[in-house]
Amino acid sequence: MLVATLAAVASCHGRPALVALEAGPPLLLVAAPGVRINARLKPALELDGGTVLRFDSPHLTPDSAYFAAAPTAAPPGGARRGTLRVSICPSREDICRSVQMAAAW
Amino acid sequence: MTTRREGVVLTASRAVLVVAGLVAVSAAAIRRPAPPSSAGGTPAPELTNASWLNADRPLRLSELRGRVVLLNFWVFTCGNCTRTVPSLVEYDRQYRERGLTIIGIHTPEFPPYAGEHDKGNLVRALQRQGITYPNAQDNDRRTWDAYGIRYWPSFVLVDKRGIVRYTGYGEFHLNDGDFREWDRRIARLLAE
């Protein structure tokens, strides 16, 4: 279901989606195929008021560089929007880049 | 600046928020060192960083004329960066005495809460990686922006006159094709 949604968004915007935030609780950060989420720089959700939540998962790649399962975060009740920061390292590009975006759930 | 704000699409009925990503860039374009800059090149922007490790005092390119300088934009939280470090350590071992200065420009991805700005964390990362060449803390991204860098890791090779001659980005490993290409470029500039 999620992959289909990603594809649809890619089609609408003419560019591929790299990550998706699935509402919870907990919030689930899902990477598109071929996109790795940097586990050494845990994704952050900056809430209004200054609280910063970090996404995490116990499941990492053997070198501990990337998440092997979608990391999660549990925002406090009432929080509905924030700024998401993710360090992504597409597997075919051999680089990391930082993505920052507004998020609401 | 690599960080971008991206649009979001909300499908409320499924409580799923989808974030549109960046335009994909071909692997070849990313991984290969860029071709030589145009004839004559451009002067390398001066380094203005105040906080340095493995250096007695802040380094300035103007004081390194006569040496070839390889700038490596990196951050210790980037696996692609740390996996490239052994290659840089090898260049340093091989070429330092022959006129190469490697300078790490340590540029955080996230705000200070992530720990990348912390000097102690960087010290430990340098020790862990066996890095003995100078590193500047580029916590305000001043040097990153001055060079128009977009990805971790990135590389800028500056000749003895202070001119940017080669740029590129992407992880590489000891003795792979990109390693050999950068090696040839370093040797070429050292011979000029």
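Here are a few short exercises on side-chain contacts in this predicted model.

**Exercise 1.** Work out how the rings of F73(B) and W144(B) are arranged, and what parts of chain B they tie together.

*Solution.* Start with the overall tally: eight aromatic pairs turn up over all chains. For F73(B) and W144(B), the ring centres sit 6.3 Å apart and the planes meet at 75°. Planes over 60 degrees apart count as edge-to-face, so that's what this pair is. Next, place the residues: F73(B) belongs to strand β6 (residues 68-74) and W144(B) to helix α5 (residues 142-146), so the pair ties together parts 71 residues apart in sequence. Both residues are buried.

**Exercise 2.** Now do the same for F73(B) and Y147(B).

*Solution.* Take the geometry: 5.7 Å centre to centre with 55° between the planes, which makes the pair tilted. Then the location: Y147(B) is in the loop between α5 and β9 (154-158), while F73(B) is in strand β6, so this pair bridges parts 74 residues apart in sequence. Finally, check burial, where the cut-off is under 20%: F73(B) has a relative accessible area of 0%, and Y147(B), at 15%, counts as buried too.

**Exercise 3.** Which rings do R141(B) and R185(B) lie over?

*Solution.* R141(B) lies over the face of W144(B), 5.5 Å from the ring centre. R185(B) lies over the face of W182(B), at 5.4 Å. W182(B) is also part of a cluster linked by ring pairs, along with Y91(B), F155(B), F172(B) and F179(B).

**Exercise 4.** Is R97(A) buried or exposed, and which side chain does R97(A) contact?

*Solution.* R97(A) is found in strand β7 (residues 97-104) of chain A. Its relative accessible area is 3%, so R97(A) is buried. A polar contact of 2.7 Å joins its side chain to that of E93(A).

Conventions:
Residues numbered from 1 in each chain as written. Chains lettered and ligands numbered in written order. Predicted model: local features only at pLDDT ≥ 70, side-chain atom pairs only at ≥ 80, totals over all residues. Heavy atoms only, no water. Helix = DSSP H or I, 4+ residues; strand = E, 2+ residues; numbered from the N terminus. Buried < 20%, exposed > 50% of the residue type's maximum accessible area, 1.4 Å probe, protein only. Polar contact = N/O pair within 3.5 Å; in protein donor to acceptor, adjacent residues only side chain to side chain. Phe/Tyr/Trp six-rings, centres within 6.5 Å; stacked < 30°, edge-to-face > 60°. Lys NZ or Arg CZ within 6 Å of the ring centre and 35° of its normal.
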